Amino acid sequence: MTASHPRHRRALVVPAGMALATALAFLPNTAATAAPAHQGAASADAASLSYVVNVQGGHGAPAHVKKAIAKAGGTIVASYDKIGVIVVHASNADFAKTIRKVPGVQSAGATRNAPLPSAATTDLGSPKVLSAAEVAEATQEAAAGQDPLQNLQWDLPAIKADKAHEKSLGSPEVTVAVIDTGVDDTHPDIAPNFDRAASVNCVAGKPDTSEGAWRPGAAESPHGTHVAGEIAAAKNGVGMTGVAPGVKVSGIKVSNPDGYFYTEAVVCGFMWAAEHGVDVTNNSYYTDPWYFNCKNDPDQKALVEAVSRATRYAERKGAVNVAAAGNENYDLASDSITDPSSPNDGTPSDREIDPSECLDIPTQLPGVVTVASTGAKGWKSSFSNYGLGVVDIAAPGGDSTALQTPEPPATSGLILGPLPGGRWGYMAGTSMASPHVAGVAALIKSKHPYAPPALVKALLYAQADATACTKPYDIDNDGKADAVCEGPKNRNGFYGWGLADALDAVTR
């Protein structure tokens, strides 16, 4: 099913009561700003592109490959020897074609179409920010033992997180890494649980650990901060409450100032998480510039291989990788999808793709937990991608309030979260569903500290509340089906194994 696709971020900013057709225009793209010095991109030639060169892992880049890279005009930016991924900048238009012929090179491809640094500009879509009056009203109505804004969080009781918190808030020994646009660790809801040692800026494809490098710039998206709070906002008498308010959260910034999540940054992010003891990673994005990466294209094949190696390595080192399914109401199990948006940093055109051969990464990679979104009524969100055998689990990501209205005292069908600068606001998307599952996975890891990723995932699915297909799915009540759900109650295309269950996570 085709839908217009603004850019990559899997979050919808849906003002209360607004229809989906309008809401799709409010994706929070980021305005272009000059790249901060710590990003390192400014050192690249303006005509350069970034590439990944994949060789056999475990032994470092062979000397003859390094020599060939230099001869072809490339400069090595980073080499992830354990997985055999080399990040290269080169201005030679034939670099990838040349380097693929070198013995020992398994694949190579450009990670972008726009020169370094990216030249794209868009407006920043703003979340629906809570006013001081709304904060004050919610605070007055807060029940005993609740954080001031918890009454507005219909999503917590939807997955029994409120009941779970009576048993456990999660362990501070568990860290969830938010691989995203950056996290404002100075926010009062995030600061108590922030893991600085596991935080980094990976935008240039190599780690930058300078102070605050993981934070979003003033003109950059609040997306990562919102996601971090959904996972682990502290239960501290301030603001709202996260799904796992006792665990740690870190920020791994992989989105450049223009809002692009390029392969080299994503690889760096997973590798950093793997080497710094992260237990869960949350990935509410797709890897730019291709929404779907087709393995029959040599460039896209190399990108799939590089990110696949990084996610597999992170899992081998103990991390459960959780990712958002996407916001286009696509059936990811269908034979064909029209992708009108790729490459999103070049000249996109409609292309018919087979989603079993052309992958949304990291979402569709083996081993990654793929999360669909539900609204306040418990139905698949109107925008959420779906697909039998593709979606693993579902969680609240919000929806237009007009389509799925929450029970009072909640007033918005969107998801509340923190915003940079000590504010709070509403957003919606599978971007918001994924962190709910990441939070539940963190609670499972807290309950079973020695459980490997495979067991954490098995418990996550076994404890999910089986949810039958919504049939017919006519969410806007116009007499026409908006999507078709396939599969039984305990494993179907809309909800996977079911709705994530935080209470079971801390009691079973």
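## A three-stranded sheet

Strand 5 and strand 18 (residues 423-427) are antiparallel partners, joined over 2 bridges. The model is predicted. Within this pair, Val129 has Gly425 of strand 18 as its bridge partner. The pair belongs to an open sheet of 3 strands. Its order is 5-18-17, and its pairing is antiparallel. Strand 5 (128-129) and strand 17 (415-419) form the edges, and each pairs on one side only.

Helix 7 (residues 223-232) packs on this sheet. Helix 7 touches strand 17 and strand 18. The direction of helix 7 makes about 115° with that of strand 17.

## Gln153, a loop residue

Gln153 sits in the loop between helix 4 (132-141) and helix 5 (155-158). Is Gln153 buried or exposed? Its relative accessibility is 2%, so Gln153 counts as buried. Setting aside neighbours within four places in sequence, Gln153 is in contact with Met240, Thr241 and Leu416. Leu416 belongs to strand 17 (415-419).

## The parallel strands

Strand 6 (residues 175-180) is mostly covered, with 6 of its 6 residues buried. In a regular strand, side chains alternate between the two faces of the sheet. Both faces of strand 6 are covered. Thr175, Ala177 and Ile179 are buried on one side. Val176, Val178 and Asp180 are buried on the other.

Strand 6 pairs with strand 8 (residues 248-253) in the parallel sense, over 6 bridges. Strand 6 also runs parallel to strand 9 (residues 280-283), joined by 4 bridges. Ala177 takes part in both pairings: this residue stands opposite Ser250 in strand 8 and opposite Thr281 in strand 9.

Strand 9 is covered on both faces too. Val280 and Asn282 are buried on one side, Thr281 and Asn283 on the other. Strand 9 pairs in turn with strand 11 (residues 320-324), again in the parallel sense, over 4 bridges. Here Val280 has Val320 of strand 11 as its bridge partner.

## The four-stranded sheet

A further open sheet has 4 strands in the order 2-3-1-4, with antiparallel pairing. Which strands stand at the edges? They are strand 2 (74-80) and strand 4 (105-110). Each has a single partner strand, so one side of each lacks a neighbour in the sheet. Neighbouring strands of this sheet are turned by 20° against each other on average, direction ignored.

Inside the sheet, strand 1 (residues 49-55) and strand 3 (residues 85-90) pair in the antiparallel sense over 6 bridges. Asn54 stands opposite Val85 in strand 3. Helix 2 (residues 63-71) packs on the sheet and touches strand 1, strand 2, strand 3 and strand 4. Its direction makes about 145° with that of strand 2. Helix 9 (residues 298-316) lies across strand 1, strand 3 and strand 4. Helix 9 runs at about 110° to strand 4.

## Disulfides

A disulfide is a covalent bond between the sulfur atoms of two cysteines. How many disulfides are there? The count comes to 3. With bonded cysteines counted along the chain, the pattern is 1-2, 3-4, 5-6.

One disulfide joins Cys202 to Cys268, with S to S at 2.1 Å. The torsion about the S-S bond is -60°, and the link is left-handed. Cys202 lies in the loop between strand 7 (200-201) and helix 7, and Cys268 lies in helix 8 (residues 263-275), so the pair ties together parts 66 residues apart in sequence. Cys202 is buried at a relative accessible area of 0%. Cys268 is buried at 1%.

Another disulfide joins Cys294 to Cys358, also listed with S to S at 2.1 Å. Its torsion is about 110°, so this disulfide is right-handed. Cys294 is in strand 10 (residues 293-294) and Cys358 in strand 14 (residues 358-359). The pair links distant parts of the chain, 64 residues apart. Both Cys294 and Cys358 are buried.

## The link within one loop

Cys469 and Cys485 are joined by a disulfide with S to S at 2.1 Å. At -65° about the S-S bond, the link is left-handed. Cys469 and Cys485 both lie in the loop between helix 11 (453-463) and helix 12 (502-507), so the pair ties together parts 16 residues apart in sequence. Cys469 has a relative accessible area of 17%. Buried means under 20%, so Cys469 counts as buried. Cys485 is buried at 3%.

How values were computed. Residues numbered from 1 in each chain as written. Predicted model: local features only at pLDDT ≥ 70, side-chain atom pairs only at ≥ 80, totals over all residues. Heavy atoms only, no water. Pairing = 2+ DSSP bridges. Contact = heavy atoms within 4.5 Å. Axes fitted to C-alpha atoms, helices over the stretch in contact; angles between N-to-C directions. Buried < 20%, exposed > 50% of the residue type's maximum accessible area, 1.4 Å probe, protein only. Disulfide = S-S within 2.5 Å.
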